[in-house]
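Work through the exercises below with the structure open beside you. Try each task before you read its solution.

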Amino acid sequence: MNTITPGLAALPAEKKQWFVEDRFGMFIHWGLYSLPARHEWVKNREEISTEDYQKYFDHFDPDLYDPAEWAKMARAAGMKYVVLTTKHHEGFCLWDSAVTDYKVTETPYGKDLLGPFVEAFRAEGLKVGFYYSLIDWHHPDFPVDPFHPQRNDPEAARMNEGRDISRYASYMRDQVRELLTGFGKIDVIWFDFSYPNRLHNELPGKGHKDWQSEELVKLVRDLQPEIIINNRLDLVDLPADVTTPEQYVPREWPKVKGENVTWEACHTLSGSWGYHRDEDTWKSPDQLIRLLVDTVSMGGNLLMNVGPTGRGLLDDRAVSALDVYGKWMKLNGRSIYGCTQSSLEAPQDCRLTQRGNRLYVHLFSWPFRHLHLDGLAGKVRYAQFLHDASEVLIVPADEEDPWNPTQVKVAPTSVTLELPVRKPDVL
Ligand code: JFZ
């Protein structure tokens with residue numbers, strides 16, 4: 001047994017109730033990288049120096065930014081909470097931080113983005129979360145490491161002289177304090193990310209000692225006692241409030257030390273998190289819905305990402321994806337909100353979600369006329385389609401059809417539903 005330092009204990013389950021009921025949130029990656037529009041890691045990938053990256057700061061002017069519009073779209077898509085990158089790895093801050101000039105108020109836009117954002121999403125009834133990058137490729141005290149844009153610079157070692165990561169850790173605490181005191185009640189904080197081991201090159205990685213993660217968590221718990229903190233602070237012996245697999249569908253409910261944990265999958269609509277103009281890997285409507293159903297069928301949440309453009313709009317491809325969710329959730333939201341994994345085994349090509357004694361069967365491919373549900377003999381009172389509430393007949397177990405006695409055999413332990421030959425024309 002680990003004894004947990006006071007102030008570091010994880011949130012009790014009842015404080016996470018809203019989160020597991022809501023099930024579906026919007027992730028937003030927005031920053032200077034929206035201008036190059038070729039991946040939020042562009043500074044790293046193209047090894048861009050801070051001087052060369054400055055042009056994006058000098059041209060940051062999202063004149064069409066209207067957070068009320070975003071919030072309406074998120075709500076219409078069925079999303080119940082939002083997580084915004086207040087600072088991503090590039091180090092640029094979307095609020096008027098007192099401890100840096102590398103912030104939106106110093107760009108041509110010249111105004112705070114975060115205050116209006118928080119207000120707009122709350123007004124639509126969504127809970128609000130802040131993503132805050134532990135990595136910072138701009139801060140002068142952040143040592144060049146395996147992910148740093150200057151990692152291959154022959155001067156890297158010399159550059160690190162005088163860089164003091166403990167000063168950076170204290171900068172992070174200052175910023176987190178601003179974020180968690182200046183914008184009212186914040187529901188989620190999403191730190192990103194740790195890489196304590198040496199990676200592909202010889203430079204050491206970074207983990208909880210570098211971030212001073214314990215101090216950070218204590219501060220967060222102190223300022224916002226009900227906030228949900230994710231698991232990317234490299235606090236291996238501390239239970240996190242939520243585990244966050246990324247761009248990946250687990251095979252089963254994720255476990256920590258053998259126990260099912262609260263978890264949230266995050267996914268992109270295309271491949272990049274930040275706005276990427278030329279990417280051609282947008283997920284199909286079918287894939288978008290499956291990601292949500294798959295996740296909830298294993299007891300998780302889905303945080304689906306959008307990357308607004310440099311002018312502050314969601315582009316048409318993102319808007320269409322949100323429409324897909326909106327249309328589907330309007331009819332099928334009851335199989336998502338407040339639902340979780342069922343203890344029953346799903347038939348082939350199906351997923352199950354369950355809320356209380358109501359079982360939702362999601363058919364990923366359409367069977368011919370009959371759907372057999374094992375282990376449910378005598379337990380199904382009524383069956384219906386969710387999209388139109390039309391009855392789905394249950395094949396009586398004890399009656400044989402005199403015209404064709406071999407037609408349907410109902411196993412004594414299962415229930416057989418009679419489906420129309422043609423799949424109803426809903427997504
Ligand atoms: C991180 C970010 O680098 C990325 O830009 C985005 O913000 C995403 C949500 O989070 O990406 C990660 C973090 C951890 C791993 C991979 C990508 N990992 O541990 O493999």
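**Exercise 1. Describe the lining of the largest pocket by residue class, then find where it sits.**

Step 1. Start with the classes. The lining holds 24 nonpolar, eight polar and seven charged residues. Keep in mind that this is a predicted model.

Step 2. Add the volume. The largest pocket encloses about 1300 Å³ of space.

Step 3. Locate the centre. The lining has 39 residues, and the closest to the centre are Leu359, Tyr360, Val361, Gln384 and Leu386.

Step 4. Name the elements. At least two lining residues come from each of helix H10 (285-297), helix H11 (316-332), strand E11 (358-363) and strand E12 (370-373). Which strand gives the most to this lining? Strand E11 does, with six residues.

**Exercise 2. Search the whole structure for cavities and describe the largest.**

Step 1. Recall the method. Rolling a probe the size of a water molecule over the atoms shows where empty space is left.

Step 2. Count. The search turns up one cavity of 30 Å³ or more.

Step 3. Give its volume. About 110 Å³ of space lies in the largest cavity.

Step 4. List its neighbours. The cavity has 15 lining residues, and Ser270, Tyr275, Trp282, Val306 and Gly307 are the closest to its centre.

Step 5. Sort the lining. Seven residues are nonpolar, six are polar and two are charged.

**Exercise 3. Judge the overall form of the protein chain.**

Step 1. Count the elements. The chain has 11 helices and 14 strands.

Step 2. Take the spans. Along its principal axes, the C-alpha trace covers about 90 × 50 × 40 Å.

Step 3. Compare with a globule. For 427 residues, a compact globule would have a radius of gyration near 22 Å. The protein chain has 24 Å, which agrees.

Step 4. Check burial. Of the 427 residues, 52% are buried.

Step 5. Check the contacts. Take those between residues at least 6 apart in sequence: 71% of them join residues at least 24 apart.

**Exercise 4. Follow helix H7 and find its packing partners.**

Step 1. Test its length. H7 (residues 165-181) has 17 residues and reaches 24 Å from first C-alpha to last, close to the 24 Å expected at 1.5 Å a residue.

Step 2. Pick out the buried residues. They are Ile165, Tyr168, Ala169, Tyr171, Met172, Gln175, Val176, Glu178, Leu179 and Leu180.

Step 3. Find what they touch. These buried residues pack against several elements, including strand E2 (81-87), helix H5 (114-123) and helix H9 (213-223).

**Exercise 5. Find the unusual backbone angles.**

Step 1. Know the background. Most residues other than glycine have a negative phi, and most peptide bonds are trans.

Step 2. Look at Arg23. Its phi is positive, about 65°, although Arg23 is not a glycine. Arg23 lies in the loop between helix H1 (17-22) and strand E1 (24-28). Is Arg23 buried or exposed? The relative accessible area is 3%, so Arg23 is buried.

Step 3. Look at Arg369. Here too phi is positive, near 65°. Arg369 sits in the loop between E11 and E12. Arg369 is partly exposed, because its relative accessible area is 24% and the partly exposed class runs between 20% and 50%.

Step 4. Turn to the peptide bond. From Asp192 to Phe193 the bond is cis, with omega near -15°. Phe193 belongs to the loop between E4 and H8.

Technical notes:
Residues numbered from 1 in each chain as written. Predicted model: local features only at pLDDT ≥ 70, side-chain atom pairs only at ≥ 80, totals over all residues. Heavy atoms only, no water. 1 Å grid on protein atoms, 1.4 Å probe; cavity = no way out; pocket = protein on both sides within 12 Å on 5 of 7 lines; lining within 4 Å. Points joined across faces, edges and corners; volume = space filled by probe spheres on them. Nonpolar A, V, L, I, M, F, W, Y, C, P; charged D, E, K, R; others polar. Helix = DSSP H or I, 4+ residues; strand = E, 2+ residues; numbered from the N terminus. Expected span 1.5 Å × (residues − 1). Buried < 20%, exposed > 50% of the residue type's maximum accessible area, 1.4 Å probe, protein only. Contact = heavy atoms within 4.5 Å. Rg over C-alpha atoms; globule rule 2.2 N^0.38 Å.
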